[in-house]
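Got the viewer open? Here's a walk through the model, one selection at a time.

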Amino acid sequence: MTLTAAGCSGSSGGGSAGGASCDGQIDQSVTIESFYHGGGEEKDAFLGIVEAFNASQDEVTVDVQSVPEGTYNDSVQAAAASGELPEVLDFDGPNLYNYAWNGNLIPLDECLEQSTVDRLLPSIVEQGTYNGQLYGVGAFDSGVVLYAYRSALEEVGARIPEGIEDAWTAEEFTTILGDLQEQGYDNPLDLHMWYGRQGEWFSYAFSPIVQSAGGDLIDRSDYQTARGALDTPEVVDAMTTFQSWFTNGYVNVEAQDDTPFLRQESPIAWNGMWAYATGYEEAVGDDLAVIPLPDFGTGSKTGMGSWQFGITSGAEDPDAAAAFLEFLLSQENLLTMYEAVGAPPSTDVALAETDIYSADGPMHIVTDALNEAPEIAVPRPQTPAYPTITQSFAQAIDDISQGGDVQEALEAAVESIDQDIEDNGGYPIQE
């Protein structure tokens, strides 16, 4: 096997450091390093792909350095500061924009074959794009849905949506929660608040409420302010409805794991697509319904995004790194990652070969949303300000869920986000 990457002659685009660029040829036999965050079956699958790549040709050898997920971003920042970034970096999607802005990554637009990019889901491209250029590509994506017991919904005469277009309205969903409580389910909804307040769950899971109400975490026209996006009357109304679920006792705030849903004590779960293959389908069987998130006014929305790969500005021969990414994104290897992770593969061709994400599969709602990104599956804001955005919104969710004033919580988030943007001079693009 002879490796040849697509030619690339661009600069670093949105970043502040140029780095090398692809020229379409691998200059010599080379060993490149890749950071990798995963563990368990995911890591085993990735290492198997690396081994297969190394054995398939004699021009490029990939050496993997495992980095704990909990300290991953700190490790990347330390490596960047010391000039020791690997050639291939994997990163949680939202971190891409800060890495690209800081010049840690180079664009992939012409480093990858156009046919490879064309096969990617719209959601993968959306998440991987910053300042109009592609900086990251992933082997899989994700989504948020409602899981419910059909039998419980039938008890209260609730209709069961068949797809995104007939999602429950927020009012309808709230009524169903009340009906279920009256039926004897004391806390019918598990929002998985127990996933934690420090990670991405609050932003990933609940920003679709804001976006479904017609708002957003930031004004994406220029990414300079959250005012007029996160604090609109429509968003306040939507988050007031969200708060009412806690006030009325609909939310199981005592849950520490999936036991309340698996025992049908809380017959509706707001959770990621991973739950289907990691316990829900096996435990609930044919009684399991997969339902889109509620519509708060402008249609059902959902979270998306996962870990991606990019080529760093420190790569001496980016074509070697690009050749590995091409190999990783082949249908065979995407399906290998799917078998290990259970997440939707990043191309339509691979998705069609899966048992749960295909057009007639039980999780087709996730696929439908990803194919309609950014209108239905909405990427996290593509700005270096995202770390502050997610922290500020998570704090607002925390305050609102505990009974705080909704308007004040959203205003505080707006002020925090706008202050960060001001402190960084608007995060100007540095050519």
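Which residue in β2 is the bridge partner of Phe35? Select Phe35 and look across to β2: the partner is Gln65. Keep in mind as you click around that this is a predicted model.

**Start with β1 and β2**

Now widen the selection to β1, residues 30-36, and β2, residues 60-66. These two strands run parallel and are joined by 7 bridges. In general, strands of a sheet pair through backbone hydrogen bonds, either parallel or antiparallel. As for cover, 5 of the 7 residues of β1 are buried, which makes it a mostly covered strand.

**Zoom out for the whole chain**

Show everything as a cartoon. The protein chain has 17 helices and 10 strands. Its radius of gyration is 22 Å, close to the 22 Å that the globule rule gives for 431 residues, so the chain is as compact as a globular protein of that length. Draw a box along the principal axes and the C-alpha atoms fill roughly 70 × 50 × 35 Å.

Switch on a surface next. About 16,600 Å² of the protein chain is exposed, with carbon and sulfur atoms supplying 43% of that. Of the 431 residues, 58% count as buried. Among contacts with a separation of 6 or more, 77% are between residues 24 or more positions apart.

Try colouring by charge, too. You'll find 10 positive and 73 negative charges, and the mean positions of the two sets are 6 Å apart.

**Into β10**

Select residues 307-311, which make up strand β10. Is this strand enclosed or open? All 5 of its 5 residues are buried, so β10 is largely enclosed by the rest of the structure. Show the side chains: Trp307, Phe309 and Ile311 point one way, while Gln308 and Gly310 point the other way. That fits the usual pattern, since in a regular strand the side chains alternate between the two faces of the sheet.

Add β3, residues 88-92. β3 and β10 run antiparallel, with 5 bridges joining them. For one of the pairings, pick Asp92 and find its bridge partner in β10, Trp307.

**Next stop: helix α12**

Select residues 318-328 to light up α12. Here 10 of the 11 residues are buried, so this helix is also largely enclosed by the rest of the structure. The buried set includes Ala320, Ala321, Ala322 and Ala323, along with Phe324, Leu325, Phe327 and Leu328.

What covers the buried residues of α12? Turn on the surroundings and you'll meet some elements from earlier in the tour: β1, β2, β3 and β10 are part of the cover, as are α1 (40-56) and α13 (331-341).

**A sheet with two free edges**

Move over to the open sheet of 4 strands, ordered β7-β8-β6-β9, with mixed pairing. Colour β7 (189-190) and β9 (288-291): each stands at an edge with a single partner strand, so one side of each is left without a neighbour in the sheet. For β9, that partner is β6 (residues 144-149), which runs antiparallel to β9 and is joined to it by 4 bridges. Click Leu146 and follow its bridge to Ile291 in β9.

**Tyr195**

From β7, step into the loop that leads to α8 (201-212) and select Tyr195. Its relative accessible area is 31%, which makes Tyr195 partly exposed. Beyond its neighbours within four places in sequence, Tyr195 is in contact with Trp201, Asn271 and Trp274. Now put a distance label between the C-alpha atoms of Tyr195 and Asp257: they are 62 residues apart along the chain but separated by 8.5 Å.

**Backbone oddities to finish**

Most residues other than glycine have a negative phi, and most peptide bonds are trans. Here are some exceptions to click on.

- Tyr223, in the loop between α8 and α9 (233-247), has a positive phi of about 60°. Tyr223 counts as buried, at 18% relative accessibility.
- Tyr427, in the segment after α17 (406-423), has a positive phi near 50°. At 9% relative accessibility, Tyr427 counts as buried.
- Ala373 and Pro374 are joined by a cis peptide bond, with omega about 5°. Look for Pro374 in the loop between α15 (364-370) and α16 (386-401).

Methods. Residues numbered from 1 in each chain as written. Predicted model: local features only at pLDDT ≥ 70, side-chain atom pairs only at ≥ 80, totals over all residues. Heavy atoms only, no water. Rg over C-alpha atoms; globule rule 2.2 N^0.38 Å. Buried < 20%, exposed > 50% of the residue type's maximum accessible area, 1.4 Å probe, protein only. Contact = heavy atoms within 4.5 Å. Areas by Shrake-Rupley, 256 points an atom, 1.4 Å probe, with all protein chains shown as cover. Lys, Arg positive; Asp, Glu negative; His and termini not counted. Charge placed at Lys NZ, Arg CZ, Asp CG, Glu CD. Pairing = 2+ DSSP bridges.
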